Every structure is written in C-alpha cells, then in structure tokens.
Amino acid sequence: MTPQGSQAPLEFGGPLGAASLMVLLPVTMLHLLLVAGSEPARLLGPPPYLPGLEELWSPQALLLWLAWLGLQAALYLLPARKVAEGQELKDKSRLQYPINGFQALVLTALVVGLGVAVGLPLGTLPEMLLPLAFASTLTAFVFSLLLYLKALLAPASALAPGGNSGNPIYDFFLGRELNPRIRYLDFKYFCELRPGLIGWVLINLALLVQEAKLRGSSSLAMWLVNGFQLLYVGDALWHEEAILTTMDITHDGFGFMLLFGDITWVPFTYSLQAQFLLHHPQALELPMASAICLLNATGYYIFRGANSQKNTFRKNPSDPRVADLETISTATGRQLLVSGWWGMVRHPNYLGDLIMALAWSLPCGTSHLLPYFYLLYFTALLVHREARDERQCLQKYGLAWREYCRRVPYRILPYIY
Ligand SMILES: NC(=O)C1=CN([C@@H]2O[C@H](COP(=O)(O)OP(=O)(O)OC[C@H]3O[C@@H](n4cnc5c(N)ncnc54)[C@H](OP(=O)(O)O)[C@@H]3O)[C@@H](O)[C@H]2O)C=CC1
Ligand SMILES: CC(C)CCC[C@@H](C)[C@H]1CC=C2C3=C(CC[C@@]21C)[C@@]1(C)CC[C@H](O)C(C)(C)[C@@H]1CC3
C-alpha cells in the first residue's frame, strides 16, 4: 500500500495549476509550430489558422514516433562503457544506470546516415512536425497514465516527496514514483536524455537539409543554431552521469510534467529557432556571427565549469581540482562550496545556460520576438526552478544554507538577481 495525502507543500498552483498546464503546454507547443511556419511569425498574435484533426492526427506519424522511441530504447539497452550508481535512496539502496548516451547519439547518426544513403527523405521531416508533435503528446498522456497506475503497486519507499498528495490530477502531473523502471530500463533517466534531446538535433538537421534544398545552400544562421545546439546536446550526453545528481532524478517524481517536457516539449519547441530560420531567412555578417560564437563559448564555459566543479566536488571533495576551494559544513555531513564558480552566484550553471540561450536566438535577428521564446520561457523556468531548489536546500541544510546565502547573496546574475 502507498501513502496518500503526503504533507509536501503543493507546487505549480496545486491541482488547478497542474490541470491548466496540461492544457496550456501542448496548446502553446502547437501554436509555436504553426506560427513558426507562417509569414508574420507573431509570437503573441493568433495562429495563421486552426488545424483540423485530419492535419494533426496521422497513423504514419504515430508509427514513426513509436519507432523512434523503440530505436532509442534499443540503443539504451546495448552494452555500456560504464555502469554508474545513483544517489542513495530512502531504503539506503542505490540504482544502477548505463552510461551510453553519447554512444546512442553516434549510433543514431550512423542509422540516420545509412537511411539517407538508401533514400530516406530527411528533408520531409519538417512537414511532419505538427502530426509528430501531436502523436508525441498523445503518447505522453498515455505513458503518464501507465506510470500513475504502476505507482499504485509501488512500495512507499519508492515514492517521490511531492506528487503523492492524494489528488489524482496533481499527482498525475507531478509524478508519483521517483524512479519507475522495469528491470534495467529506468524510464525517467531514459526519457530525460535520449528521445527528446537526440530528436531535437535530428529535427534541426532536417531543417538545415530542407533549407539547403529550398535555397541552394544552408545559411550561416542555420549552421550556427545547429552547431550550438548540437554542442549542448552532445555535452549533455557526454556528461550523462552528471544528471544523476539533478533535482529531476533525485527529487521529482516521473509524471506528465517531466515526461511531456522530455519527449515532446524539448524536441518540438527547442528546435523553434531552426524552424523559424527555414521560413524566415536571415542575413548574418561574419563579424556578428563571430561575436555570437564568442557569446555562446562564454556561456558554455560558465555552464560546463560550474556543473563540472559541483559534480567533481560531490563525487570526491578531496579531488585536487576542488580540494582548495572554500566550503561551509552542514549538519548532514555534506559541504557547500563558497568559492570558485559557486562563490560567484548561487546558480552559476543557470547563468551560463541563459547566456547560451541568448546566443541561440541572436542568429535569428531582431525583427521577430518568436525566436526569443526559448530565452523567455527558459528564464521563467530557471527562476522558478531556483526558488524550488532554494526551498529544498533550506530544508536540507537549515542554518548552513542561510550562511551560504549571506556569503553569496546573488542567485543567478551577480549584483542584479
Ligand atoms: N535546457 C533546459 O531546459 C534545462 C537545463 N537545466 C540545466 O540543468 C543543470 C542542472 O540544474 P538543476 O538540477 O536545476 O540544479 P543544480 O545543478 O544547480 O543543482 C542544485 C543542487 O546543487 C547542490 N548545490 C547547490 N549549491 C551548492 C554549493 N554551493 N555547493 C555544492 N553543492 C551545491 C544542491 O544539492 P546537493 O547539496 O544535494 O548536492 C542543490 O540542490 C543546470 O545547468 C541547468 O541550467 C535545467 C533545467 C532545464
Ligand atoms: C514545460 C514544463 C513546465 C517543464 C519541462 C521541463 C523540462 C523540459 C526540463 C526539466 C529539466 C530538464 C533538463 C534538461 C532538458 C530540459 C528538461 C527536461 C537537460 C537534459 C538539458 C541538457 C543539460 O545539459 C542538462 C543539464 C543535462 C539538462 C538537465 C535538466
């Protein structure tokens, strides 16, 4: 039996907020897909037209989507170069995770390359984005329901701290079980890094190919967006093990929010800049392109530096790369860094991520707000995420966290926020 009505405070506006988000997020995604292909490309205006069910629903798109999930699951189950252990769980056990995400990216590139060589029309993918996104949304709802039902059979120790309020809508949205898995296939870990992230760069690539077909060559702006986002995804898969200490894996249950976010929202909205560029070509001069590359490199340097510093420290505080950093001791026995990247602001990794988000939008010019959607959404997501993390850290570390906040007063942007 699983406990109902856990005392964790309700987040995301409770059941009403959760229900609204479950409608709003898919509608926003479909709106963005429609608007990106339209002439005025207005983020805040109405969509160019309202698609009928016959345009959204396509059995071929559903089959293609399921085949994609199947391919990624098969690649996940291949032998891995390393098996990593997750954080300690409530019952003191640790789960095992295969580290073969980068291998999956390379093998996917080979499979797609082979497919193209035998005539797979990659350039037609952009025309299928709407039905694919719809099929992906349907699968997210169905899988979330299966996860909700699976959690009914899970022991109490397997449940997430939130997501077990007893309200079915809220719990369906937030996710009840912390690490739902069937044998070695851990659904949350699989979804967080594979089908969505790799799908995102594949969609970008198809948009680049299609642009070359339409206009004779791919634009510099399209190359930059593809290159920056491939670096981001490649980096995430290369440092796959680091995901095991993120809030999503250690704290959040696996429900509609993360599942839809991972497999639907990421590939179909994070590729918005490339979608925009296919329909709205932008001239980009070399000096401007160089400045944008420098901005992306700066963001990446901060993002990677901060994330690696924390991961190295969490794995082994005596590692020579972090042993000289100043720390605060906490009652839990864990320490908090107060110098290096984590002495600059309390979330230096968010700062680097936001700088990169700006660099991904700039190649699209300044005539439209639409390609800046990611930057706006991401700022809101990270500000909200930062507040959630602060609450959890205050609960975990108490006075030591207050001392950290006193020593490092800014959250994300030095001297501003
Ligand atoms: N592209 C996208 O859509 C998204 C990207 N991201 C990115 O994912 C990455 C991970 O983000 P997220 O999981 O939110 O959070 P963090 O990687 O920032 O992890 C927060 C945790 O780090 C530990 N921590 C905080 N301060 C310190 C300190 N001073 N010293 C040591 N440990 C500390 C605490 O956990 P503990 O003490 O228990 O170790 C805290 O709970 C970020 O780079 C973020 O930008 C996130 C969301 C969406
Ligand atoms: C739209 C919903 C309200 C919220 C959905 C949120 C999800 C899209 C994001 C939650 C945390 C994420 C992370 C990444 C992608 C987006 C989601 C799933 C991440 C995999 C991107 C690549 C990074 O290098 C990372 C650090 C591995 C990220 C981890 C968190």
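In this predicted model, helix 4, which spans residues 101–117, packs against helix 9 with the two axes coming within 7 Å and crossing at roughly 135 degrees. Angles over 145 degrees would count as roughly antiparallel, and helix 4 and helix 9 are therefore described as oblique to each other. The meeting place is formed by Gly101, Phe102 and Leu105 on the side of helix 4, and by Gly234, Leu237 and Trp238 on the side of helix 9. Sorted by class, this contact holds four nonpolar and two polar residues, with no charged ones.

A second pairing brings together helix 1 (residues 14–36) and helix 11, whose axes lie 11 Å apart at an angle of about 5 degrees. Since angles under 35 degrees count as roughly parallel, that is the description that fits helix 1 and helix 11. From helix 1, the residues Met22, Leu25, Met29, Leu32 and Leu33 take part; they meet Phe256, Phe260, Thr264, Trp265, Phe268 and Thr269 of helix 11. Here the contact comprises nine nonpolar and two polar residues, and again no charged residue appears.

Helix 9 and helix 11 also turn up around ligand 2: together with helix 7 (187–193), helix 9 (220–238) and helix 11 (256–269) each provide at least two residues of its shell. The greatest share comes from helix 11, which contributes five residues. In total, 13 residues surround ligand 2, and the closest are Ala236, Asp248, Gly261, Asp262 and Trp265. Trp265 is thus worth finding in the structure, as this residue of helix 11 also meets helix 1. The shell around ligand 2 is made up of seven nonpolar, two polar and four charged residues.

Definitions and conventions:
Residues are numbered from 1 along each chain as its sequence is written. Chains are lettered from A and ligands numbered from 1 in the order in which they are written. This is a predicted model: local features need pLDDT of at least 70, side-chain atom pairs count only at pLDDT 80 or more; totals for chains, interfaces and linings use all residues. A residue is near a molecule or strand if its C-beta atom, placed from the backbone, lies within 6 Å of it. Helices (H or I, at least four residues) and strands (E, at least two) are DSSP runs, numbered from the N terminus. Ala, Val, Leu, Ile, Met, Phe, Trp, Tyr, Cys and Pro count as nonpolar, Asp, Glu, Lys and Arg as charged, and the others, Gly among them, as polar. Axes are lines fitted to C-alpha atoms, for helices over the stretch in contact, and angles run from 0 to 180 degrees between N-to-C directions. Angles under 35 degrees count as roughly parallel, over 145 as roughly antiparallel, 65 to 115 as roughly perpendicular and the rest as oblique. Two residues are in contact if their C-beta atoms, placed from the backbone, lie within 7 Å.
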